[in-house]
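This report concerns the strand pairing and selected residue environments of one protein model. Please consult the sequence and coordinates below while reading.

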Amino acid sequence: QVQLVESGGGLVQPGGSLRLSCAASGSILTIYTMGWYRQAPGKQRELVATISSEGSTTYSNSVQGRFTISRDNAKNTVYLQMNSLKPEDTAVYFCNAEVWGLVTGIRRYWGQGTQVTVSS
């Protein structure tokens with residue numbers, strides 16, 4: 001099995017910064033695209049950013065220029081550096097990864113989510 005575990009959420013004031021981490025563990029052969037999604041109360045889950053295994057990145061328009069996604073392939077970990085946070089960034093943030101597992105083959109996995117609250 002493969003597990004994704006997020007960390008780094010919390011409460012921050014507008015204009016502040018947070019760094020989220022997501023570590024994958026288990027019987028992993030290769031991790032392809034990794035990404036972050038978020039879901040605010042009463043809204044659908046939306047894509048925030050993705051990063052390919054080669055390091056190519058994409059961002060939603062709402063976070064472009066403020067958030068940076070990166071990964072450490074040796075640690076099977078993806079990060080999301082969030083700067084200039086706004087109250088509208090408040091949401092549960094979920095990690096997602098496309099993983100080639102030893103037993104399960106190629107599947108997409110989700111983390112359990114971490115709460116980010118931006119408020120004064």
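The following paragraphs treat an open sheet, a central strand with its partners, and several individual residues.

**The four-stranded sheet**

The model is a predicted one. Within it, four strands in the order S1-S3-S8-S7 make up an open sheet with antiparallel pairing. Strand S1 (2-7) and S7 each have a single partner strand and stand at the edges, so one side of each is left without a neighbour in the sheet. From one strand to the next, the twist averages 15°. The pairing between S1 and strand S3 (residues 18-26) is antiparallel and comprises six bridges; Val5 has Ala23 in S3 as its bridge partner.

Tyr79 belongs to strand S8. With a relative accessible area of 14%, Tyr79 falls under the 20% limit and is therefore buried. Leaving aside residues up to four places away in sequence, Tyr79 touches Arg19, Leu20, Ser21, Trp36, Thr68, Ile69, Ser70, Arg71 and Asp72. One of these contacts, Trp36, is 43 residues from Tyr79 in sequence, while the C-alpha atoms of the two are 8.8 Å apart in space.

**Strand S9 and its partners**

How many of the 11 residues of S9 are buried? Eight of them are, so S9 is largely enclosed by the rest of the structure. The pairings of S9 are collected below.

| Strand paired with S9 | Bridges | Sense |
|---|---|---|
| S4 (residues 28-39) | nine bridges | antiparallel |
| S10 (residues 105-110) | six bridges | antiparallel |
| S11 (residues 114-118) | three bridges | antiparallel |

Individual residue pairs locate these pairings along the chain. Towards S4, Gln39 has Val92 in S9 as its bridge partner. Towards S10, Trp100 stands opposite Ile106, and a hairpin of three residues joins S9 to S10. Towards S11, the bridge partner of Tyr93 is Thr114.

Asn96 offers a view of the surroundings of S9, the strand in which this residue lies. Its relative accessible area is 4%, and Asn96 is buried because this value is under 20%. Which polar contact does the side chain of Asn96 make with another side chain? The partner is the side chain of Arg108, at 2.8 Å. The side chain of Asn96 also reaches the backbone oxygen of Tyr109, at 3.3 Å. Not counting residues up to four places away in sequence, Asn96 touches Leu4, Thr33, Met34, Gly35, Tyr37, Arg108, Tyr109 and Trp110. Both polar partners, Arg108 and Tyr109, are included in that set of contacts.

**Loop residues with positive phi**

Two loop residues carry a notable backbone angle. Asn76 is not a glycine, yet has a positive phi of about 50°. Asn76 is placed in the loop between strand S7 (67-72) and strand S8 (77-82). At 25% relative accessibility, Asn76 counts as partly exposed, because this value lies between the 20% and 50% limits.

Ser84, likewise a residue other than glycine, has a positive phi near 50°. The loop that holds Ser84 runs between S8 and strand S9 (91-101). Ser84 is partly exposed, with a relative accessible area of 41%.

Note on methods
Residues are numbered from 1 along each chain as its sequence is written. This is a predicted model: local features need pLDDT of at least 70, side-chain atom pairs count only at pLDDT 80 or more; totals for chains, interfaces and linings use all residues. Side-chain values use heavy atoms; hydrogens and water are left out. Buried means under 20% relative accessible area, exposed over 50%, partly exposed in between (1.4 Å probe, protein chains only). Two strands pair if DSSP finds at least two bridges between them. Axes are lines fitted to C-alpha atoms, for helices over the stretch in contact, and angles run from 0 to 180 degrees between N-to-C directions. Contact means heavy atoms within 4.5 Å. A polar contact is a pair of N or O atoms within 3.5 Å; within protein, one must be able to donate a hydrogen and the other to accept it, and residues adjacent in sequence count only if both atoms are side-chain atoms.
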